[in-house]
Each structure stands twice: as structure tokens, then as C-alpha cells.
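Good morning, and thank you for coming. Please look at the sequence and the structure on the screen, and I shall then take you through them.

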Amino acid sequence: MVDLLLHVGGTAGRVRRDTNESANFGLYKHKDCEIGRAGGRVKSCEKRARRKMTKQWQPLHANTLTTRNYLETFIEKQKPQMKIETNSVTLVDYRDAEHAGRLSSWLRSPHVVQWWGETSLDEATSTKSNGGSRIILIDKMLAGYVHWHVLDRAELDEAGLNDIPEGGIDLDILIGEAAFLQKGVGAQALRLTVDFLRHKYRPRFFSMCTQIENARAIACYRKVGFVIVRTFKENGRAYYFLRGF
Ligand SMILES: CC(C)(COP(=O)(O)OP(=O)(O)OC[C@H]1O[C@@H](n2cnc3c(N)ncnc32)[C@H](O)[C@@H]1OP(=O)(O)O)[C@@H](O)C(=O)NCCC(=O)NCCS
């Protein structure tokens, strides 16, 4: 397992892949150069760009639309072997002014609607029941969203979860940018969230609920240490209740 470093306008987007070779290259955009494979066009682009920075060679800057597209294109081409390096995943406070637009568009994305259903921005960011939210970043790029709230007796009873004690913190998560699905980002974001919440609130336990058909979510949650406790039904759908820590 070798690290590849994507330097995006000075910030490094660490990407891991299974390979025998390693490369350390920057992400530059040539007026007629499309991003290719590691060790291929990108690498030679960078060598030349480093030698002389001409008008034709421009480093890509983090968070610009162009950079996002290039990085996503690059990652898409490397599927499925590449994983995002865990230390490039961080969380920041969700702020309406900065993040509402992006979160709204994520909530309308088909891969999110499939499992979150039609969820409004207000529902997703509700601070009732001691809820809170974080935005998941990969370096400086907005990648996803995690939300939590404290389980109360009424909610648990309504779902038929009479045997589950109240006071646990229930988590919801989505990776909004489809290009970053299944690259270890969800698992790392959950680890960070649980660490932070455990330290701050010392809850009785953490939980996650997911439809039993959501194999990717289940695999992700189990990887982090959650275990399936039981099934329950809501709106005619079968869900797993997973408990952790
Ligand atoms: C669920 C979600 C947050 C997980 O985040 P992620 O970054 O995609 O997950 P990870 O990459 O950390 O882990 C996914 C794991 O599922 C595995 N997986 C993917 N599809 C699978 C399938 N059909 N069956 C079994 N495992 C599967 C992957 O191989 C990976 O495991 P690995 O790292 O051991 O290879 C993300 O996929 C997502 O946002 N999905 C859309 C919204 C959603 O479903 N939210 C949760 C609602 S409860």
C-alpha cells in the first residue's frame, strides 16, 4: 500500500492505492492537457510546470469548481482501488450561511434520496432533541454531512424499540459528492464524529439506523465498530438498529 499525494493548489489531497510504485506529483492544468493516470500525463505535466511556470501551466486551487471536477475525474478513473487517506478527512461545524446551498443539492442527489428519502434542509439540520451537525471535508473540499440527535423514549417507542434505553446519540450520515462514495470517507467521518461526541457528551451509547437493503451503509458502520442489534419497521420499511461503543 503506497501513498500518492495530490497537491491541490498547495493543499495535499492524499489518495491511497494498491500499487508497487509511488509518485508524488502536483495537480496542474495545461490549457490542452486533461488529467490522466498517476505517473502518466499528470506527472509529466508537473515536471514541466515546475521547471517553468508559463501562462499555459496553472496550478489548480483548492475549492474551485475546476479543481473539484479535475480531482473527481481523477478519482473516478482510479476506481475502485483508490481510497482517500484518512488524515485528509476532517469535520467542521455546519453553518447555514456557508453550507446550506451545497447540503440542499446533496439532499436532492439520487444516491442520497434513495436512502434518506425526500428530506428537507430543515429536517436534516434540526437541532431538536439536542441535535447537531458537521460538514465532512476532504482537505478543503465539501464532501458530506453528519447529523446527530439524542434518542428519547417517545421516539424509540414509536419505532417499536421499547427495549432500547433512551439517552443514546443517533447518527445520520451522507457522502454528498458521489465521486467520494466508497472510498473510506464515511467510515473515517464516523470515527471522528464518535470521538468528538464521546468526549463532549459521554452518551450511554451511539446508534445508527439504516434500511436493511443499504449494504454499503451497513458495511461502513460495521467497519467502524457498530453491530446490528435488531430490526424494526418504519413507514412500512425494514431497518436495522445498530449500536456502537
Ligand atoms: C453510507 C455512506 C455514508 C458510507 O460512506 P462511504 O464513504 O461510502 O463508506 P466507506 O467507503 O467508508 O465504506 C463502505 C464499505 O461498503 C462496502 N460495500 C460497498 N457496497 C457494498 C455492497 N453492496 N455489499 C457489501 N459491502 C459493500 C465497501 O467495500 C466498503 O468497505 P471496504 O472499505 O471494506 O471496502 C455513503 O455510502 C453514503 O452517503 N451513501 C448514500 C447515503 C446513505 O446511504 N446514507 C446512510 C443512510 S442510513
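Two residues are taken to be in contact if their C-beta atoms, placed from the backbone, lie within 7 Å. With that cut-off in mind, I note that what covers the buried residues of α8 includes α7, β11 and β13. I should say at once that this is a predicted model.

Let me give the overall picture before I return to that helix. The protein chain has eight helices and 13 strands. Of its 245 residues, 32% count as buried. Among contacts between residues at least 6 apart in sequence, 60% join residues at least 24 apart.

I turn now to the sheet. Seven strands form an open sheet with mixed pairing, in the order β7-β8-β9-β10-β11-β13-β12. The edges are taken by β7, residues 89-93, and β12; each has a single partner strand, so one side of each is left without a neighbour in the sheet. From one strand to the next, the twist averages 30°.

Both kinds of pairing can be illustrated. Strand β10 runs parallel to β11, residues 206-211, and three bridges join the two. Here Ile169 stands opposite Phe206 of β11. Helix α7, residues 185-201, packs on the sheet, where it touches β7, β8, β9, β10, β11 and β13. The direction of α7 makes about 150° with that of β10.

At the other end of the strand order, β12 (residues 227-234) and β13 (residues 237-244) are antiparallel and are joined by seven bridges. Lys233 has Ala238 of β13 as its bridge partner. The hairpin of these strands has two residues between them, and Asn235 takes a positive phi near 50° there.

Next, helix α3, residues 96-107. Which of its residues are buried? They are His99, Leu103, Trp106 and Leu107. These four cover an arc of only 85° around the axis, which puts them on the same side of α3. Ala97, Gly101 and Ser105, on the other side of the helix, are exposed. The buried residues of α3 pack against two helices, α4 (110-116) and α5 (121-124), and against the strands β8 (132-138), β9 (141-150) and β10 (169-175). There is also a point of geometry: a straight helix of 12 residues would span 16 Å at 1.5 Å a residue, whereas α3 spans only 14 Å between its end C-alpha atoms.

Finally, the ligand and helix α8. The ligand is surrounded by 21 residues, of which the closest are Trp115, Gly186, Ala187, Ala215 and Ala219. Two or more residues of this shell come from each of α4, β10, α7 and α8, the last being residues 215-224. Which element gives the most to the shell? That is α8, with six residues.

The buried residues of α8 are Cys220, Tyr221 and Val224. Since they cover an arc of only 95° around the axis, they lie on the same side of α8. The face turned away from that buried side carries Ala215 and Ala219, which are exposed; both residues are also among the closest to the ligand. Just after α8, Gly225 takes a positive phi of about 120°.

To close, I would ask you to keep α8 in view: its buried residues are covered by elements including α7, β11 and β13, and it gives six residues to the shell around the ligand. Thank you.

Definitions and conventions
Residues are numbered from 1 along each chain as its sequence is written. This is a predicted model: local features need pLDDT of at least 70, side-chain atom pairs count only at pLDDT 80 or more; totals for chains, interfaces and linings use all residues. The expected span of a helix is 1.5 Å times one less than its number of residues. A residue is buried if 20 or more other C-beta atoms lie within 10 Å of its own, exposed if 12 or fewer, and partly exposed in between; C-beta atoms are placed from the backbone. The arc is that of the directions from the helix axis to the C-beta atoms. Two strands pair if DSSP finds at least two bridges between them. Axes are lines fitted to C-alpha atoms, for helices over the stretch in contact, and angles run from 0 to 180 degrees between N-to-C directions. A residue is near a molecule or strand if its C-beta atom, placed from the backbone, lies within 6 Å of it.
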